[in-house]
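Welcome, and take a moment to look over the structure before reading on. The paragraphs below walk through it piece by piece.

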Amino acid sequence: MPVMSAKLSEALVRATLARDISDAFNRIFTEFLDLKLNQLESIIKGFQKKWGSTFEEFKQDIKENRLKEDAHSYNVENDFWQWEEAATLKDHYEDIKTRWM
């Protein structure tokens with residue numbers, strides 16, 4: 001177990017209004033997961049709005065060449081990779097949150 005200074009422990013407990021350092025870490029980690037999930041959901045919703053579809057539908061549109069622009073353009077490929085990353089990370093953080101709570 002890592003050692004933490006008394007000063008840092010006190011600051012974390014005070015900042016989170018927690019009972020003790022264990023409660024403080026629980027609050028911090030829970031808030032971190034919620035912030036990450038909200039950020040990723042916002043990114044995903046932005047892509048859904050831009051392309052008018054879910055990520056799965058977007059992938060199918062690329063595969064079947066149904067997009068209004070070239071499926072191999074920088075814009076499409078860049079959005080694909082960013083959207084895929086956001087969806088993958090969202091699943092990852094949701095899994096951690098489920099195990100944590």
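Helices here are DSSP runs of H or I with at least four residues, numbered from the N terminus. Keep in mind as you look around that this is a predicted model. With that numbering, we can already place one residue: N65 sits in the loop between helix 3 and helix 4. We will come back to N65 after a tour of the helices.

Let's begin at the start of the chain. Helix 1 covers residues 6-16. Helix 1 packs against helix 2 at an angle of about 60°, and their axes are 9 Å apart. Helix 1 is therefore oblique to helix 2. Their crossing is left-handed. If you zoom in on the place where they meet, you will find S9, L12, V13 and T16 on the helix 1 side, and I21, A24, F25, R27 and I28 on the helix 2 side. Sorted by character, the residues of this contact are six nonpolar, two polar and one charged.

Between these two helices runs a loop, and L17 is part of that loop. Is L17 buried or exposed? Its relative accessibility is 72%, so L17 counts as exposed. The backbone of L17 is worth a look too: its phi is near 55°, a positive value in a residue other than glycine. As background, most residues other than glycine have a negative phi.

Now turn to another pair, helix 2 and helix 4. At what angle do helix 2 and helix 4 pack? The angle is about 150°, with the axes 9 Å apart. Angles over 145 degrees count as roughly antiparallel, and helix 2 and helix 4 are therefore roughly antiparallel to each other. This crossing, of helix 2 and helix 4, is left-handed. The residues of their contact comprise 17 nonpolar, five polar and eight charged.

Next, look for the largest nonpolar core, which has 14 residues. Those touching the most other members are W51, F55, F58, L67, V76, W83 and Y93. At least two core residues come from each of helix 2 (21-51), helix 3 (55-63) and helix 4 (74-100). Helix 2 gives the most, with six residues. More generally, nonpolar side chains in soluble globular proteins tend to be buried together. To see the surroundings of one core member, pick out Y93: leaving aside residues up to four places away in sequence, Y93 touches F32, L33, K36, L37 and L40.

Two residues in helix 4 make a nice pair to visit: D79 and E77. D79 has a relative accessibility of 5%, so D79 counts as buried. Not counting residues up to four places away in sequence, D79 touches F47, K50 and W51; W51 is also one of the core residues named above. E77, with a relative accessible area of 33%, is partly exposed. With the same sequence neighbours left out, E77 touches A71 and H72. For a sense of distance, E77 and D20 are 57 residues apart in sequence and 47 Å apart in space, C-alpha to C-alpha.

Finally, let's return to N65, in the loop between helix 3 and helix 4. N65 has a positive phi of about 55°, although it is not a glycine. At 57% relative accessibility, N65 is counted as exposed, because residues over 50% are classed that way.

Terms used:
Residues numbered from 1 in each chain as written. Predicted model: local features only at pLDDT ≥ 70, side-chain atom pairs only at ≥ 80, totals over all residues. Heavy atoms only, no water. Core = buried A, V, L, I, M, F, W, Y, C linked by side-chain atoms within 4.5 Å. Buried < 20%, exposed > 50% of the residue type's maximum accessible area, 1.4 Å probe, protein only. Contact = heavy atoms within 4.5 Å. Axes fitted to C-alpha atoms, helices over the stretch in contact; angles between N-to-C directions. Parallel < 35°, antiparallel > 145°, perpendicular 65-115°, else oblique. Left-handed = near helix turned anticlockwise from the far one by under 90°. Nonpolar A, V, L, I, M, F, W, Y, C, P; charged D, E, K, R; others polar.
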